[in-house]
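Work through the following exercises with the sequence and the coordinates open beside you. Each task is followed by a solution that proceeds step by step.

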Amino acid sequence: MDFTLSDEQLMFADTTRTLLGDTCTPEHWRKMMEQDVAFDAARWATLAENGFTVLMLPENAGGLGLAELDMALIAVEAGYVALPEPLTESAGVAMPMLAALAPDHSLLADPKAIVAIAPAINPVVAYADQAAAILIERGGRTFLAQREDVTLVAAPTIDPLRRVFRLEWESTRAEDLGPADWGLAQDRAALFAAAQGLGLAQRSVDLAVAYAKERTQFGKPIGSYQAVKHHLSSAQVAIEFARPVVLAAAAGIGAQDTYSRARVSHAKLVALEAADQAARAAIQVHGGMGYSWEVDVHLFLKRTLALTGAWGTPAHHRGRVAARLLSRPTGPDQTFAREAANA
Amino acid sequence: MDLNYTPQQNAFRAEVRSWLEANVPKQPLEHYDATREGFEAHRQWEATLKSGDWGMVTWPKEYGGRGVDLIQWLIFEEEYYRAGAPGRVNQNGIFLLGPTLMEFGTHEQKQRFLPPMAAGEEIWAQAWSEPQAGSDLAGIRATAQRAKNANGDDEYVLNGHKIWSSRGAFADWAFGLFREPGSERHKGTSLIFFRLDQPGVTRNPIRKINGHPGFAEIFLEDVRVPAFNRLGDEGQGWHICMATAGFERGLMLRSPARYQAAAAKLAALWQARKVNSRDAGADPVLEADVIRAFMNAEAYALSIYQTASRLIAGAKIGPEASTNKIFWSELDIHLHRTALAILGEEAELLPSAARLAAGDPDWLDDYIFSLAGPIYAGSNEIQRNIIAERMLGLPR
């Protein structure tokens with residue numbers, strides 16, 4: 001039993017923080033919003049050059065063969081910069097699924113290729129306009145449709161740095177790849193959404209802390225007042241008790257049993273609740289500025305809103321926690337229980 | 001990261017489980033705060049634990065422990081709560097003063113105080129707060145004046161008024177915070193032990209809102225103790241107290257197992273009522289709260305495993321002591337409010353002795369106790385200030 005990250009994992013997370021911190025700054029967000037785009041090709045190329053897009057592909061497919069925990073650490077950093085590009089959905093979910101279904105597929109050989117993913121659970125497909133192809137779940141089977149063979153109907157969203165689409169397509173104009181492990185794909189996507197939630201939450205708190213140190217009222221920085229402090233402390237507590245759940249969910253996702261699914265759901269619920277609490281606290285702490293387009297906090301509020309509903313609503317995930325709680329042994333000795341051990 | 005127990009850890013769990021199955025009293029003991037009899041029954045249980053070498057498993061063998069690591073301590077606690085074993089009457093000693101002694105005590109002090117603490121032979125109370133010094137603990141006024149006894153040995157003469165001392169009504173010893181006469185605020189303070197039955201000490205039990213004499217106020221009038229009873233250096237008291245508070249709020253005082261056991265009982269209560277109570281069974285809000293209570297207990301457990309792993313790897317407990325304290329105290333209230341909501345029209349009824357003997361939780365009393373959580377061990381308002389200033393870097 002060892003609940004610590006390895007030095008390599010900590011170093012990798014650190015490197016990611018630096019790279020994303022340099023390439024996805026508030027100036028970048030502003031510029032993208034002015035240009036009305038939600039994808040930065042140069043940044044995506046940098047991510048690809050540094051191996052981020054092949055992180056979870058098997059080594060024999062040119063990937064790094066890393067696990068969900070490693071990707072989750074990256075996703076935290078992606079959340080911290082509200083990364084517009086589909087790093088987790090393409091490189092963390094769609095590409096590994098494609099590699100499992102069609103190990104020799106030509107898209108796997110291109111580190112810059114983006115594959116979007118359309119599970120039955122999501123009404124819209126994110127990032128489909130940037131994708132070379134789309135993996136689609138229908139009737140238990142998996143279809144791969146080329147971008148040019150589908151019609152994308154943009155569904156305007158409140159998040160200016162995320163594009164989603166309704167998909168019109170014909171199975172006759174798509175490749176039938178057979179049954180796939182959509183359960184695993186959904187768990188991965190929910191986990192990475194949770195991990196992004198941690199990053200979103202921390203950024204909201206950090207933005208508010210920076211403002212509360214600068215802004216003075218009644219002759220003192222507003223951050224010296226307890227009412228302001230307590231908003232941000234409470235948000236930080238929520239983050240601190242979501243983080244270990246996300247990490248444990250990532251470490252245990254491979255079991256694919258009632259316990260591991262419940263933990264992923266727990267992670268998604270509490271990490272995005274923390275992000276929501278932190279974003280609202282940050283808006284409040286910023287006062288009138290927090291309600292303005294000029295201050296960046298709204299980006300974190302909006303991404304949180306999107307990720308809260310995507311890849312299983314809170315009600316869906318509560319149901320999976322309930323299934324574990326009400327149908328399996330509970331108690332102090334069951335924290336790390338597995339189906340195999342209780343069978 | 002490896003979230004699997006080793007074969008050795010599983011073997012340790014099996015050993016704890018089989019010992020507890022053979023030794024935990026079949027009937028629950030009267031609460032240690034309720035009467036002297038209840039207190040002494042718990043002291044007896046501590047002696048039984050010690051007879052199996054389970055008094056404080058993380059301490060070195062020479063001080064009455066087993067020398068196991070913090071993961072094994074968590075396993076021990078899980079089995080302890082799973083078995084429904086009696087509450088630890090000496091928690092102020094074993095969980096708070098013990099680790100502090102381990103860090104700041106001399107070898108002679110450890111030898112003198114730790115083994116009887118592990119065995120429940122000497123039960124400890126905390127004597128920090130004063131009527132005028134609660135959250136602002138640096139405002140204490142109780143004094144420790146250097147003196148010599150008849151043989152010319154160094155000693156202290158203690159004077160002052162302490163309050164809100166948990167277990168203070170029945171305990172044998174107290175560890176108190178005192179100041180050098182004339183010193184101010186954080187300076188000049190020392191942590192000093194005194195016997196609660198020695199001349200000059202008067203203790204008045206204070207009834208808690210459940211009617212039990214759970215804590216006491218303590219008056220000290222020219223109480224003479226040897227200089228040996230001072231922990232750490234003179235003037236180091238504040239620093240030592242803050243370390244103790246770290247143990248108190250952080251890792252030791254509130255085991256995740258406590259809340260996981262309660263959450264499991266809450267789920268069982270919910271499942272029984274869902275079928276049998278028309279009102280409760282039709283209320284989806286209650287189920288959402290039961291799920292929430294379970295998730296909170298799980299999150300706290302995972303967080304503590306994370307902290308324990310970090311400490312084993314050489315880290316020191318940091319500001320997570322404050323986030324922990326807020327989280328466990330708030331989850332405890334939420335969990336018990338949910339239980340009372342499920343009990344509905346029966347929530348106000350005191351449980352019968354027969355039902356308690358049959359192992360039913362005392363939801364009402366546990367709820368009342370949970371309300372103390374955000375107050376003791378440093379109020380949650382103070383914890384939020386600490387988080388804001390030390391974790392987030394906001395100005396004082």
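## Exercise 1: Confidence

Task: In this predicted model, determine which elements of chain B have the lowest and the highest mean pLDDT.

Solution: Among the elements of chain B, the lowest mean pLDDT, 75, belongs to helix 8 of chain B (residues 278-281), whereas helix 1 of chain B (residues 7-23) has the highest, 98. Next, take the chain as a whole: the average pLDDT of chain B is 93, and 99% of its residues score at least 70. Finally, for the complete model the scores are ipTM 0.96 and pTM 0.96. As a general caution, predicted coordinates should not be read in detail where pLDDT is low.

## Exercise 2: The overall form of chain B

Task: Establish how the radius of gyration of chain B stands against the globule rule, and describe the packing of the chain.

Solution: Begin with the secondary structure, which in chain B consists of 13 helices and eight strands. The radius of gyration of chain B is 22 Å, close to the 21 Å given by the globule rule for 396 residues, and chain B is therefore as compact as a globular protein of that length. Along the principal axes, the C-alpha atoms of chain B fill a box of roughly 75 × 50 × 45 Å. Turning to the interior, 47% of the 396 residues of chain B count as buried. Of the contacts in chain B with a separation of 6 or more, 72% are between residues 24 or more positions apart.

## Exercise 3: The contact between the chains

Task: Find which helix of chain A gives the largest share of the side that touches chain B.

Solution: First count the participants: 42 residues of chain A and 49 residues of chain B take part in the contact. On the side of chain A, the elements that give two or more residues are helix 6 (182-214), helix 7 (226-240), helix 8 (243-252), helix 9 (258-286) and helix 11 (314-327) of chain A. Helix 7 of chain A gives the largest share, nine residues. Sorted by class, this side of chain A holds 23 nonpolar, 13 polar and six charged residues.

## Exercise 4: A sheet in chain A

Task: Derive which strands stand at the edges of the open three-stranded sheet of chain A.

Solution: The order of the strands in this open sheet of chain A is 2-6-5, with antiparallel pairing. Strand 2 and strand 5 of chain A each have a single partner strand and stand at the edges, so one side of each is left without a neighbour in the sheet. Now follow the bridges: strand 2 (residues 125-126) of chain A is joined to strand 6 (residues 164-168) of chain A over two bridges, with A:Val125 paired to A:Phe165 and A:Ala126 opposite A:Val164. Strand 5 (residues 151-155) of chain A is joined to strand 6 of chain A by five bridges, and A:Ala155 has A:Val164 as its bridge partner.

## Exercise 5: Two positive phi values

Task: Decide whether A:Trp311 is buried or exposed, and do likewise for B:Asp222.

Solution: By way of background, most residues other than glycine have a negative phi. A:Trp311 has a positive phi, near 55°, and lies in the loop between helix 10 (297-309) and helix 11 of chain A. Because A:Trp311 has 27 C-beta neighbours inside 10 Å, it counts as buried. B:Asp222, located in strand 7 (residues 215-226) of chain B, also has a positive phi, about 50°. With 11 C-beta neighbours inside 10 Å, B:Asp222 counts as exposed.

Definitions and conventions
Residues numbered from 1 in each chain as written. Chains lettered and ligands numbered in written order. Predicted model: local features only at pLDDT ≥ 70, side-chain atom pairs only at ≥ 80, totals over all residues. Helix = DSSP H or I, 4+ residues; strand = E, 2+ residues; numbered from the N terminus. Nonpolar A, V, L, I, M, F, W, Y, C, P; charged D, E, K, R; others polar. Rg over C-alpha atoms; globule rule 2.2 N^0.38 Å. Buried ≥ 20, exposed ≤ 12 C-beta atoms within 10 Å, placed from the backbone. Contact = placed C-beta atoms within 7 Å. Pairing = 2+ DSSP bridges. pLDDT = per-residue confidence, 0-100.
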